[in-house]
Amino acid sequence: MTSVEDRGNIMPPTGQTLEDFHGSQSISWSGISIEYAAFRQLNYAAYVDYADVRTGNRETATRCADIAFEKLWTIWKTALQESPAARGWEQLREQVEDLSVCSSGHDWMAHCLLQADHADAILLHRRLGLSVTETAGLMGLPDYAVRGLLRTSDRMLGALPPCLAPVVAELVGA
């Protein structure tokens, strides 16, 4: 059995189930597609980092990423016909939203002030330091859409009352 940190970096042996590997719903890995395995490997760490900022807890973040990928696997064929990145991001955001709290002392306030796509773009690009292209790839959006989200977010944040200046400064990278 692997540690939590290793889950995103390896795949279980053929025939093992997600229940054996993650302790949740049973889905056979024996028929896993190489595309899914590659997608998971490429995105797992960023999913956990995102969820960690949103929830403030690395263990919870790992659990959110695991569940998001398990749900993505159940709809993988459909996701391939649409956008695996967008569907995966949708699954992750769904897992994190219920566990993310906008309260005094919370380390990340963008999701309390902005719409989800805007706040996600800021979190990935400015907080986690991903490029616009990497941010777009994770969210399943074109680069120009992420650039637009970032510009629009800056305008929305600039229109907030001065009492929020310290929060706004962190979010716009000032």
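This passage describes the helices of a predicted model, the nonpolar core they share and the way some of them pack.

In this predicted model, the secondary structure of the protein chain amounts to ten helices and zero strands. Read from the N terminus, the elements therefore follow the order α-α-α-α-α-α-α-α-α-α, a run of helices as delimited by DSSP. The protein chain has 174 residues, and 43% of them are buried. Among contacts in the protein chain with a separation of 6 or more, 56% join residues 24 or more positions apart.

A good place to start is the interior. The largest nonpolar core holds 39 residues, and Tyr-47, Trp-89 and Leu-92 are the members that touch the most others. Two or more residues of this core come from each of α2 (34-55), α3 (58-74), α4 (76-81), α5 (84-97), α7 (116-127), α8 (132-139) and α9 (143-158). The greatest contribution is that of α2, which supplies nine residues. Leu-92 shows what such a core position looks like at the level of single side chains: beyond its neighbours within four places in sequence, Leu-92 is in contact with Tyr-47, Tyr-50, Ala-51, Cys-64, Ala-65 and Ala-68.

Helix α5 can be followed in some detail. With 14 residues at 1.5 Å a residue, α5 should span 20 Å, and its end C-alpha atoms are indeed 20 Å apart, so the two values agree. The buried residues of α5 are Ala-85, Arg-87, Gly-88, Trp-89, Gln-91, Leu-92, Arg-93, Gln-95 and Val-96; charged side chains thus appear in this list alongside nonpolar ones, because Arg counts as charged and residues such as Leu and Val as nonpolar. These buried residues pack against α2, α3, α4, α7 and α8.

Further along the chain, α9 comprises 16 residues and reaches 23 Å from its first C-alpha to its last, close to the 22 Å expected at 1.5 Å a residue. Its buried residues are Val-146, Gly-148, Leu-149, Leu-150, Ser-153 and Leu-157. Two other helices, α8 and α7, pack against α9.

The axes of α8 and α9 are 8 Å apart and meet at an angle of about 105 degrees, so these two helices are roughly perpendicular to each other. On the α8 side, the contact is formed by Val-132, Thr-133, Thr-135, Ala-136 and Met-139, and on the α9 side by Asp-143, Val-146, Arg-147, Leu-149 and Leu-150. Sorted by class, this contact contains six nonpolar, two polar and two charged residues.

For α7 and α9, the packing angle is about 105 degrees and the axes lie 9 Å apart, which makes α7 roughly perpendicular to α9. Here α7 provides Asp-117, His-118, Ala-121, Ile-122, His-125 and Arg-126, while α9 provides Val-146, Leu-149, Leu-150, Thr-152, Ser-153, Asp-154, Met-156 and Leu-157. Seven of the residues in this contact are nonpolar, four are polar and three are charged.

One residue of α7 deserves a closer look. Ala-119 lies in this helix, and its relative accessible area is 0%, so Ala-119 is buried. Not counting residues up to four places away in sequence, Ala-119 touches Trp-108, Ala-110, His-111 and Leu-114. Its C-alpha atom is separated by 8.7 Å from that of Leu-150, although the two residues are 31 residues apart along the chain.

Conventions:
Residues are numbered from 1 along each chain as its sequence is written. This is a predicted model: local features need pLDDT of at least 70, side-chain atom pairs count only at pLDDT 80 or more; totals for chains, interfaces and linings use all residues. Side-chain values use heavy atoms; hydrogens and water are left out. A nonpolar core is a set of buried Ala, Val, Leu, Ile, Met, Phe, Trp, Tyr and Cys residues joined through side-chain atoms within 4.5 Å. Buried means under 20% relative accessible area, exposed over 50%, partly exposed in between (1.4 Å probe, protein chains only). Helices (H or I, at least four residues) and strands (E, at least two) are DSSP runs, numbered from the N terminus. Contact means heavy atoms within 4.5 Å. Axes are lines fitted to C-alpha atoms, for helices over the stretch in contact, and angles run from 0 to 180 degrees between N-to-C directions. Angles under 35 degrees count as roughly parallel, over 145 as roughly antiparallel, 65 to 115 as roughly perpendicular and the rest as oblique. The expected span of a helix is 1.5 Å times one less than its number of residues.
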